[in-house]
Structure formats: structure tokens, C-alpha cells
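Colleague: Before I trust any label in this model, I want the reasoning behind it. Could you walk me through it?

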Amino acid sequence: MKALALVPLLWMASAQGSAALDQAALDYQQHCQQCHGANRFGASGPALLPESLSRIKPAEIRQVIASGRPASQMSGFAKVLSSARIDGLVTYLQQPPAIPPTWSDAEIRASHQVLNAVDSLPGTPQHAADPLNLFVVVEAGDHHINILDGDRFTVLARFASHFAVHGGPKFSPDGRFVYFASRDGWVSQYDLHNLKLIAEVRAGLNTRNLAVSKDGRWVLVGNYLPGNLVLLDARDLTPVKTIAAVGQDGTPSRVSAVYTAPPRDSFIVALKDVKEVWELSSAGQPDFVPRRIAAEDFLDDFSFSPDYRQLLATSRKANGGQVIDLDSGQVLSRIALPGMPHLGSGTWWRRNGDWVFATPNISQGLISVIDLKTWRLIKEIPTLGPGFFMRSHANSAYAWTDVFFGPDNDAIHLIDKQTLEIAHTLRPMPGKTAAHVEFSHDGRYLLLSIWANDGALIVYDSQTLEEVKRIPMNKPSGKYNVGNKIEFAEGTSH
Ligand code: DHE
């Protein structure tokens, strides 16, 4: 891997490489910058910075430049640029820009747009659906959001999102507003009563996720680029404050993730490049000065215990997790988690009266189940391949988990929450990835994504496991039930 990573550097250092990069810079100006911005920060097209492209393999970048992206404005350049010049562009886009990218408070403010004034809109739902049983469904294939009536399973509204909405959208405590974060840093606020966009702001150049305070007054956004937290007024996303992610010793960091901890009336923040967890109180008149908790490792992701007093945190580089007590700030325990758990997508439930937490692992086909009293790993459940997401509901006997990676990615396992055995394996659309479920508010139905461009949203009866409805969609990814989310219900992600 290291040798491969050196290749572009060595190539750049050569006279041939440097001439090709100069040509690529010219090609970028001529063919790309109109949509992707002079500084590659993005405009009508997405940002093309190394941070934005790190998840995409060079071969895929090349394919998109050569052939375009279906259902988007990105056309192919294979007839305009030679193969060597396309290669040059691929390398150029993966290099940091000559001037390090910045996104200042002034730029955040300038990007802020109120599209509909909340005061001018009715304060009650202007549709006939149950507002607590609406689903917000992200359609990743063509970057759209669907609002679904959770009783009739019909689409009430569909609108374009910014490029690559990632992570769970978060809701105001009354369920009226939903807030989305895109990987390119755009935050959008949508009114579920009036089915209208309220406001947008670009809070960063590369964003991880956002959280809404317990009282619904604040939205806090965590960024990789620049490494900071951006505080917004939840009424209309007016920028309030930027908090640089800098460790106690002055080391700058990226933000891995930010979550709200309602019983603590605070935000909890994981930092990726310094060994600290931050707690920022949102109670009363908060100053948003972080309380620093020393961690034993850098944190990529974490999940809370049901009472929000402890957090189970992981570093993807390390082979394990650490349990941090948020009150005392002490590391309580270390847990063997062998396969890069995606903790934000884990879930907990009661088993024989005690809480257990279960998480899939991105690099190994197993589910780790942990006793939340002793923090002991009580079971590793082998699956058909590594998974991403896990979900359940207090009224369901099963935790549903996908096999996101590998040849069995069309399978979905239903784990019996008491025996911790796989009770059923479904293959809803053979050959197509089945992933991510969300239950209706009462737990009677659930929605499952067929994660493909010609995919679908499948509605199941959660008791009989019968298919109730299939709605065609373009790579539906996450979906979120308003009632479950605002109640921080057992089984859903927080
Ligand atoms: Fe996610 C949630 C991190 C890659 C789809 N993902 C999250 C959260 C974190 C996270 C910290 C919780 C945030 C929240 O909900 O507020 N994800 C990461 C990564 O570090 C990782 C592995 C690599 C990366 O570069 O980001 C990663 N995630 C992906 C994907 O490739 C997925 C499958 C497709 C995509 O959209 O990029 C993906 N992540 C999701 C989804 C959620 C999510 C759908 C929300 C899950 C939920 O049910 O709440």
C-alpha cells in the first residue's frame, strides 16, 4: 500500500509528471471549474478536493471524467480529452490545491439563505398524514429526499438535496423541522408541516454530521475541513459561532462526529486527531466552551449507553473500543471489537432484563454483542459478510442487520434479540444490496432499502415478515421515522 501511495508523488516529482499536472490544471480551468468552482470547493457540482474524493477509488474518478455520471449534469469527456489527459486530471484532483482550502465565518455567512420565512408559514401540519409517523428517506442515487406517509406508504414530497447527504438527518424536538448535512458541508432545514425548505447554509467544505440540541434551539455541525464545529441558530440556520477543533496542547484536529445527549442537555463531540472527547452544554444560556475529557485513543465514532452516562468509542485504526464515563471523565473499560465497528449504526435492547448493545463490523462478517452492565463481549454472531447498519424496535423480536460487503450483500439477517442467533435470512432482491431498515412509529412495519440505482424501498410487516409494498427508488440509503427519532426510541440510531 505504501509503495502504491508513493507512485503519484514520484510521478509528480518527474518533469513529465509536472508537465502533465500543469496541463491538468489548464484542463480543469477549461472544462471543470465552471461547475466545480475555481478553487475546487464545488459550485453547481460537488467539491473536488482530496478530502471529498478520498472515498472514491481513482478508477471510479477516471470513469466519471471519461463517461460522466448518469442522472446528473456531469457529462463525459472521453471525446474531448485524450486518455493521458484524463489520467492527469485524476491525479491532479487527488492533490491538495496549491493554496490550502479555508472556509471563513464570512464565507459561511455569505452562503446563508432563508428560502421561506418560518413566521409566514402555518404552524400546524398542512397534510393529512400522521406527523409522528412520517419517514424521511434519502435517495442517494440522484441526491433527493422523499417525505413518506408512514401509514399509507405514499410519497408526500420529493425534493433535490445537496450532493451526498450523509449520516442521519436530525429533527427538532417537536418533529416539525428536519436538518440535513451533505458531505460538501451544506446544511438544509426543511419544514415537515408545510413540506417546504426553510433555509440553507454551507457550514464547511467537508462535513461529518450535525446534531440538534435537546431544546431545539441549536444545530451543531462537525467538520473535517476545516477542522471545526459550526453553531447555527436552529430557527433558520443563521450562523452563530465557529469553534476551532484544537486539542489542549494546540494540535488541530478534524471532528469525527457530534451527537446530542438529551438527558445531559449537551453535545458530545469526538475528535479524530487528538485524544479528546468534548462535552458542550446546551442548557440555559450556553457559552459552548468545551469541557475536555481525555481519551485513550483518537475517536472515529461512538455510541451512548441508554442513560447517556457512558460512551462506547472506537478508533478504526485500533482493534477495540473504550468505554468513557462522561461524568467522571474516566476510561472505564476496554473492549475487544475486532472488525472496525460502525458504532453510530449499532443498537441496544433489553435481554433477560439487561441492556445489550450490538454493532456490525465493517471489516469482518460478525456482529459484536456487549453486555452494557459489565461491558463484556458476550457474543460474536457470524454473518454472511461485513455489515454497516443495524436496527430494531421495542415491539420487534428481531434486530435487522445487513451484509453490506461481499457476494452476499443481497442478504439481510434477522437476529433473535433473546437467543442472539440468526433467526431468518431474507434476500429481498437477489443480486442487489439490501441494507438499512427503519421501523414505523408503532413498530408494526419497517422499510428496507434496495441500495441500487434501479433499487426500491420495500415495506415489510415486521411480525409476519410479508412484503406489503415496493416503491421503486434510485439507491435509497437511510430512512428515518420522525416519532422514533424525536423520542430517541430503543432500536433506532440517535
Ligand atoms: Fe456513514 C451514519 C461515519 C461511510 C451511510 N456514518 C454515520 C455516522 C458516522 C458515520 C459517524 C453517524 C452520523 C449521524 O448519523 O449523525 N460513514 C462513516 C465513516 O467513517 C465511513 C466508514 C467513511 C466515511 O468516509 O465517511 C462512512 N456511510 C458511509 C458510506 O459509505 C455509506 C454507506 C454511504 C454514504 O452515504 O456515504 C454511509 N452513514 C451512512 C448512513 C448513516 C451513516 C445512511 C445514517 C445511519 C442511521 O441510520 O442513522
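Modeller: Sure, what follows takes the labels one by one and sets each against its definition.

Modeller: First, the ground rules: this is a predicted model, so local features need pLDDT of at least 70 and side-chain atom pairs count only at pLDDT 80 or more, while totals for chains, interfaces and linings use all residues. Residues are numbered from 1 along each chain as its sequence is written, and side-chain values use heavy atoms, with hydrogens and water left out.

Colleague: What makes His 166 a donor to the iron atom of the ligand?

Modeller: A donor is an N, O or S atom within 2.8 Å of the metal (3.2 Å for Na, K and Ca). NE2 of His 166 sits 2.2 Å from the iron, so the label follows, and His 166 is the single donor from the protein. Water is not among the atoms, so sites may look incomplete.

Colleague: Where in the fold is His 166 found?

Modeller: In the loop between strand S4 (154-160) and strand S5 (170-171). Those names come from DSSP runs, numbered from the N terminus: helices are H or I with at least four residues, strands are E with at least two. The protein has 7 helices and 33 strands by that count.

Colleague: Which residues come nearest to the ligand?

Modeller: His 166, Lys 170, Arg 391, His 436 and Ser 493, out of 23 residues around the ligand. To be near, a residue needs a heavy atom within 4 Å. Strands S9 (206-212), S13 (255-261) and S33 (476-481) each supply at least two residues of that shell.

Colleague: How does the shell around the ligand divide into nonpolar, polar and charged?

Modeller: It splits into 8 nonpolar, 8 polar and 7 charged. Here Ala, Val, Leu, Ile, Met, Phe, Trp, Tyr, Cys and Pro are nonpolar, Asp, Glu, Lys and Arg are charged, and the others, Gly among them, are polar.

Colleague: What makes the pair between Ser 493 and the ligand a polar contact?

Modeller: The term covers a pair of N or O atoms within 3.5 Å; within protein, one must be able to donate a hydrogen and the other to accept it, and residues adjacent in sequence count only if both atoms are side-chain atoms. An N or O atom in the side chain of Ser 493 is 2.5 Å from a ligand oxygen, so the pair qualifies. Gly 168 passes too, with a backbone N or O atom 2.8 Å from an oxygen of the ligand. For His 166, a polar side-chain atom lies 3.0 Å from a ligand nitrogen.

Colleague: How do you know that strands S22 and S23 pair?

Modeller: DSSP has to find at least two bridges between two strands. S22 (residues 354-360) and S23 (residues 366-371) have 5 and run antiparallel, so they pair. Ala 358 stands opposite Val 369 there.

Colleague: Why is one side of S21 and of S24 left without a neighbour in the sheet?

Modeller: The open sheet has 4 strands in the order S21-S22-S23-S24, paired antiparallel. S21 (347-351) and S24 (377-382) stand at its edges with a single partner strand each, so one side of each stays free of a neighbour in the sheet.

Colleague: What about S27 and S28?

Modeller: S27 (residues 412-416) and S28 (residues 422-426) share 4 antiparallel bridges, so they pass the pairing rule as well. Ile 415 stands opposite Ile 422. Their hairpin has 5 residues between the strands, and Leu 420 takes a positive phi near 60°.

Colleague: How do you know that the radius of gyration agrees with a compact globule?

Modeller: The radius is taken over C-alpha atoms, and the rule is 2.2 Å times the number of residues to the power 0.38. With 494 residues that gives near 23 Å, and the protein has 23 Å, so the two agree.

Colleague: Which peptide bond is cis, with omega near -15°?

Modeller: The one from Leu 225 to Pro 226. Pro 226 is in the loop between S10 (218-225) and S11 (228-233).
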